[in-house]
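Good morning, and thank you for the time. I would like to take you through one structure, from its overall make-up to its individual side chains.

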Amino acid sequence: MVFLGPQGAEIEVRLVKPPFDAEESARVYFDEYEKLGKPHPEKLSHECTRYIIPENTVYALEITLKKGFDYGDWDGVVVEMVREVNKPAIGGKFLSKPTDQKGPLPIGIKYVVDRFDGARLDGKMTHDATLTFRGLNIDETLSNHETDVPGVAPLDLGDITICTYRYKNLAWRDYPEKSFQTLLKSYQDSLLTQAKSVDQKSFEKHGITHAVGVEGGTSTVALEPPKRKGFMWDNDRLRFAHYLCRSQAFFEPNSITKSPIPIECQPWDSLKDHERQACFKTLQAGDKDRVLMQKISEAGPGADKKAIQRQLLELGEIPNRWRGWGQLYKRERQALFENLQLRRSFWEKGEIPPEDRKEEMETKPLTAVLAALPTVKEEPVGIPTQSPPNQTPTKEESGETPPLPKAKKPQPAIIIVDDSPPRANKRSAACIPDLAAPTTKNESTDLGNLPASSMAGTLTAIEGGPAKKVKLGPGLESTGGGEDKELLRLKEEDEMQEQELQVMQRMADILRQRNERKSRISALEAKIKATPRQASPN
């Protein structure tokens, strides 16, 4: 839908599919598309551009005079159909002001315009003609941007403009020179035969697969050159709704998507800073919901939905794209934002994002996996195998059991809440943020001035992988009673504070060890300088 005009004179335009006499709630409209990159359209605009996917069918216009529309001293509204480039007229319609209407409209008025007067078709003038989309053919003998009619370009065929405005003072007058030349050009263009074929590039790459025009009608008469006099009227500012008819294959490579475009689908660079954060949260919430539904679907009927939700959102490893906005480096935000947009495009097409698709081995039945494994000949344990004569038993054939490797002593696990991305696990100690420079004395370190988030990020780089937690997404909270929710919340707070205390204790130990090491280094350096060196023998 397109809204055009100032407040108090706003007009909405839509393209309607047949049947045109259907009830308003049952009407079927053409889907409209627009280019990405303009999240803040100009308010009270008088011109806009939309894309549609044409079909081999007739269509009509739905013109809505919005609530508050004021005719004032105007006599009504004119609707004209013109072509996009050379603008030869296709047809027009007068929508007269209701005789009893005074002041602004209390409710909107809708008109379905399915017949046009003064339509030009193959050099003839017709009335009550119907708008139509007509399929084109490919002619491989044509050069780029050509049709089978000389002087008619492919863009002249698939682009239309709907012009609306208020009018008054309809009378028979002399045409101004500029208006007469426009009518003359429109007459000459209307004499051209309708093109039926376009070149291959225009059809396949530029998506020009249909031509716009009219069909049918009554009172068909030969089209005559314009006269110097005719009916003219005054009008207010023109409103233009441009519709570009293209095939669906043209949309994706040219960043064209269905209108109205949700703001979270707009490109990163076109959004303001505060909009990026809000859109990021919206994309995250949608991705969590889709992944959860996919996991439940994969589990099959009878699956415990609450258990799957808890495993996914609380107990399992949290991917980077689900981390909080404040937990991300600035340099990662745009990449994760665009990744969530890409994942959304897969979900909307009914597809699973590539990174969520299971590997072939995971989808095979267990019997197929076992059958693919190499067979191993079983031998009795402790009984040496006999080797053929004149052959020395090899190490693998001997009955001796090789000593088992010593088990490594497990390292104490440190569970922390990490605000840094997972790749921080591979960072060396050189990447640790600089802390306050210690003195050579064994002074106590004040941890009150160090933020817990900074300490957590530092320890992640030293100790390894983080243990991450998130809260349930919107709409996915536990359905238990209030006591259960409060208990869960208190347990989570207690666990997080316990982890923070461990982080602070660990940080205190690291700083104490570093201070001791610095003191020993200083003491040894002072001792070496104070001790005189003995002369080496000749």
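I shall begin with the fold as a whole, then turn to the cores, two helices, the salt bridges and a surface patch.

Please bear in mind throughout that this is a predicted model. The protein has 538 residues, and 35% of them count as buried. Its secondary structure consists of 10 helices and 20 strands. Among contacts with a separation of 6 or more, 81% are between residues 24 or more positions apart. The accessible surface is about 34,100 Å², and carbon and sulfur atoms hold 53% of that area.

Let me turn to the interior. The largest nonpolar core has 36 residues, and the members that touch the most others are Tyr59, Leu61, Met81, Ile162 and Tyr243. Strand S6, residues 58–65, is the top contributor to this core, with four residues. Leu61 deserves a moment of its own. Setting aside neighbours within four places in sequence, Leu61 contacts Arg14, Leu15 and Val16, then Val79 and Met81, then Tyr111, Val112, Val113 and Phe116, and finally Leu131 and Ile162. Apart from this core lies another, of 10 residues, which includes Trp268, Phe280, Leu336 and Leu340.

Two of those residues lead us to helix H6, since Leu336 and Leu340 are among its buried residues. Helix H6 runs over residues 330–348, and its 19 residues reach 28 Å from first C-alpha to last, close to the 27 Å expected. Its buried set also holds Phe337, Phe346 and Trp347, together with charged or polar residues, including Glu332, Arg333, Gln341 and Arg343. What do the buried residues of H6 pack against? They pack against helix H4, residues 273–299. After H6 comes Gly350, with a positive phi near 80°.

Helix H4 can be described in the same manner. The 27 residues of H4 should span 39 Å, and its end C-alpha atoms are 40 Å apart, in agreement with that figure. Phe280, which we met in the second core, is one of the buried residues of H4, along with Cys279, Leu283, Val291, Leu292 and Ile296, among others. Glu275, Arg276, Gln284, Asp287 and Lys288 are also buried in H4. The cover over the buried residues of H4 includes H5 as well as H6. H4, too, is followed by a glycine with positive phi: Gly300, near 90°.

I come now to charged side chains. Side chains of opposite charge can pair when their charged atoms come close. In the whole structure, 30 salt bridges are found, and I have chosen three.

The first joins Lys66 and Glu12, at 3.2 Å from N to O. Why does this pair tie together parts that are 54 residues apart in sequence? Because Lys66 lies in the loop between S6 and strand S7, residues 76–83, whereas Glu12 lies in strand S2, residues 11–17. Lys66 is partly exposed, at 24% relative accessibility, while Glu12 is buried, at 5%.

The second joins Asp356 and Arg321, at 3.6 Å from N to O. Here Asp356 sits in the loop between H6 and helix H7, and Arg321 in the loop between helix H5 and H6, so the bridge links parts 35 residues apart in sequence. Asp356 counts as partly exposed, at 25%, and Arg321 as buried, at 14%.

The third lies within a single helix. Glu493 and Arg489 form a salt bridge of 2.5 Å, N to O. Both belong to helix H10, residues 482–530, and they are four residues apart, about one turn of the helix. An α-helix has 3.6 residues a turn, so residues three or four places apart point the same way. Glu493 is partly exposed, with 36% relative accessibility, and Arg489 is partly exposed, also with 36%.

Some bridges share partners: Asp287, Arg321, Arg343, Glu355 and Asp356 are joined in this way into one network. Of these, Asp287 is buried in H4 and Arg343 is buried in H6.

Finally, the surface. Which residues form a nonpolar patch there? They are Phe94, Leu170, Trp172 and Phe231, with about 460 Å² of accessible area together. Leu170 lies in strand S14, residues 159–174, and is partly exposed, at 45% relative accessible area.

That concludes my presentation, and I welcome your questions.

Notes
Residues numbered from 1 in each chain as written. Predicted model: local features only at pLDDT ≥ 70, side-chain atom pairs only at ≥ 80, totals over all residues. Heavy atoms only, no water. Helix = DSSP H or I, 4+ residues; strand = E, 2+ residues; numbered from the N terminus. Buried < 20%, exposed > 50% of the residue type's maximum accessible area, 1.4 Å probe, protein only. Contact = heavy atoms within 4.5 Å. Areas by Shrake-Rupley, 256 points an atom, 1.4 Å probe, with all protein chains shown as cover. Expected span 1.5 Å × (residues − 1). Core = buried A, V, L, I, M, F, W, Y, C linked by side-chain atoms within 4.5 Å. Salt bridge = Lys/Arg side-chain N within 4 Å of Asp/Glu carboxyl O. Patch = residues over 30% accessible without salt bridge, like charges linked within 9 Å, V, L, I, M, F, W, Y side chains within 5 Å.
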